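Dear colleague,

I am passing the structure on to you with this message, and my notes on what was found in it follow below. Please read them with the structure open beside you.

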Amino acid sequence: MLNSIVDRLDVSQVLASYKGGGNSCFHPRMMLKVLLYAYLNNIYSSRKIERQLQEHIHYMWLSGGARPDFRTINYFRGKRLKDSFDAIFTRVVELLHSEGFVSLEVQYIDGTKIESVANKYTFVWRGSIETYDTRLREKTRRILSEAEEVLEMESHETRPDEELSVEEFQARTSRIKEKMNSTDVPKKIKKAVEKTAKEYIPKMLEYERALDIMGKRNSYSKTDEDATFMRMKEDAMKNGQLKPGYNIQIATENQFITNYAVYHRPTDTLTLIPFLESFEKRYGRQSRVVVADSGYGSEQNYEYLFGPNLIPYVKYNMFHQEQKRKYKKNAFLVQNLFYNPKGNYYVCPMGQYLFFIREEKRKSDAGYISQVSIYRAAKCLGCPVRGLCNKAMGNRQIEVNHTLNQYKEKIRYMLNSEEGIFHRKKRPVEPEAVFADIKEAGKFRRFRLRGINGVGIEFGLKAIAHNIKKIAACRGKYGFGWDNLQKVISNYAKNPFLKHEGSLRVA
């Protein structure tokens with residue numbers, strides 16, 4: 001089956017990466033078959049794949065007797081597939097779609113963290129870099145100011161709220177050194193200026209480069225600069241140790257992986273919009289239904305999801321808590337206070353009014369600005385239930401995001417509908433089961449290639465291997481060959497909420 005599927009793929013983009021001339025090379029289609037078969041059998045090391053080509057009859061048959069060494073295998077995986085692998089994965093999913101295994105009308109989205117090949121002790125932290133950089137700049141500023149004073153030079157000191165760039169520090173140091181060559185200065189000053197030129201300025205450049213590599217992240221690894229330090233669930237020490245890794249997002253349908261992407265950010269919230277955009281870019285269309293857990297529920301995401309032609313079933317972080325009797329009966333919670341929209345005030349259980357005070361703008365890590373309304377009670381002093389309602393010293397003050405509350409109301413209604421309950425029940429057995437198959441059954445817990453592109457290729461190979469295994473499982477259940485495909489399609493078409501154009505159907 002793997003052989004026939006790869007034979008149907010267009011590998012012209014991979015072929016175009018070969019310059020021609022020199023010795024004959026191994027055909028990329030054959031190399032792809034060998035790699036996918038290895039990933040299908042949980043073999044990820046290029047040296048082990050080389051050994052299989054020498055010892056295992058299945059590998060020999062797929063390669064046609066060719067025996068590329070581990071360097072060739074690794075070069076093909078990391079370099080040759082770099083610009084064309086995305087198209088290969090897309091073509092595999094399009095084949096699944098054409099055969100009726102997936103409709104591309106629904107995405108069950110989830111993420112997991114997988115460890116990088118980087119050394120876990122080669123960390124660089126934003127907080128440390130910024131602290132050391134600030135101290136070094138201040139120290140350099142003092143040395144240069146003192147030298148300028150001794151040399152009676154024009155001071156190039158800036159105001160406290162202005163910061164000199166590294167280039168300005170370099171130019172300032174050069175002027176001082178030039179002046180020192182023709183003037184006698186104390187040995188202590190001369191030594192400090194020379195140390196600034198040889199040690200402090202290069203260190204500033206090093207810090208600048210580190211912050212440049214980091215971008216908007218809080219950390220990176222020296223041995224894999226694209227990797228970010230994250231907490232891994234699979235930590236062997238069970239102490240929540242931070243390790244360099246990547247956040248892998250996938251979309252599944254009928255437990256087939258229809259889309260995947262690799263992100264630096266450890267949290268899922270800010271990955272949803274770019275992930276949905278990557279799906280649309282990949283297939284030239286967007287799915288009708290999006291299903292995800294509470295890790296993706298935010299005002300920014302809901303604003304995008306409630307756009308045209310999207311039906312979101314994306315929980316927010318208090319959705320399940322709200323269903324509990326204890327939550328519903330707690331009259332002091334902000335969500336349970338009576339709100340008068342005309343007068344724009346809240347009323348506490350003791351009849352105290354919380355009047356509107358002001359509006360504030362809040363900016364998220366992604367730069368999204370939300371508006372929060374502040375309400376405050378007039379007099380909480382002497383209230384007999386104050387301990388249950390408010391533990392602050394003064395009158396009770398609450399913050400309310402009315403826009404987010406409106407989105408939550410819509411989502412709550414949708415999630416409790418018949419279709420919403422159907423998708424909520426199905427979501428845990430979609431991406432979570434796929435991750436279990438890849439990470440636990442497949443022993444795929446650590447990448448072997450460095451950089452976000454290499455990681456993308458490696459996970460993509462595993463994703464295609466997973467999809468092929470799913471097809472094989474269907475063939476084993478319904479009969480060998482494509483004759484009984486209609487039974488497979490009929491089995492997967494049991495979703496009663498995808499009866500629309502482009503969905504799974506029996507011809």
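What percentage of the contacts in the chain with a separation of 6 or more is accounted for by residues 24 or more positions apart? The share is 65%. Please keep in mind throughout that this is a predicted model, and that what follows was computed from it.

To begin with the chain as a whole, its secondary structure comes to 20 helices and 13 strands. Of the 507 residues in the chain, 46% are buried, and the accessible surface amounts to about 27,300 Å², with carbon and sulfur atoms holding 50% of that area.

Two charged patches on the surface come next. The positive one is formed by Lys139, Arg142, Lys187, Lys191 and Lys195. Two elements, α8 (126–150) and α10, give two or more residues each to this patch, and α10 gives the most, with three residues. Lys139 has its place in helix α8, and because its relative accessibility is 35%, which falls between the limits of 20% for buried and 50% for exposed, Lys139 counts as partly exposed.

The negative patch on the surface brings together Glu167, Glu168, Glu208 and Asp212. At least two of its residues come from α9 (166–180), and at least two from α10 (187–214), so that helix α10 supplies residues to the negative patch as well as to the positive one. Glu208 is one of the residues in the negative patch and lies in helix α10; with a relative accessibility of 36%, Glu208 counts as partly exposed.

The loops on either side of strand β5 (242–253) are the other part of the chain that I would ask you to look at. In the loop between β4 (228–231) and β5 sits Gln241, which is partly exposed because its relative accessible area is 22%, above the limit of 20% under which a residue is called buried. Gln241 and Arg231 are ten residues apart along the chain, and their C-alpha atoms are separated by 5.9 Å.

The loop between β5 and β6 (256–263) holds Gln255, and Asn254 is found in that loop too. Are these two residues buried or partly exposed? Asn254 is buried, because its relative accessible area of 8% is under the 20% limit, whereas Gln255, with a relative accessible area of 24%, is partly exposed.

The backbone of these two residues also deserves a look. Most residues other than glycine have a negative phi. Asn254, however, has a positive phi, near 55 degrees, and Gln255, which is not a glycine either, has a positive phi of about 65 degrees.

Finally, which residues does Gln255 contact once its neighbours within four places in sequence are left aside? They are Val429, Glu430, Ala433, Val434, His466 and Lys470. As for distance in space, the C-alpha atoms of Gln255 and Arg427 are 10.0 Å apart, while in sequence these two residues are 172 residues apart.

With best regards

Key: Residues numbered from 1 in each chain as written. Predicted model: local features only at pLDDT ≥ 70, side-chain atom pairs only at ≥ 80, totals over all residues. Heavy atoms only, no water. Patch = residues over 30% accessible without salt bridge, like charges linked within 9 Å, V, L, I, M, F, W, Y side chains within 5 Å. Areas by Shrake-Rupley, 256 points an atom, 1.4 Å probe, with all protein chains shown as cover. Salt bridge = Lys/Arg side-chain N within 4 Å of Asp/Glu carboxyl O. Lys, Arg positive; Asp, Glu negative; His and termini not counted. Charge placed at Lys NZ, Arg CZ, Asp CG, Glu CD. Helix = DSSP H or I, 4+ residues; strand = E, 2+ residues; numbered from the N terminus. Buried < 20%, exposed > 50% of the residue type's maximum accessible area, 1.4 Å probe, protein only. Contact = heavy atoms within 4.5 Å.
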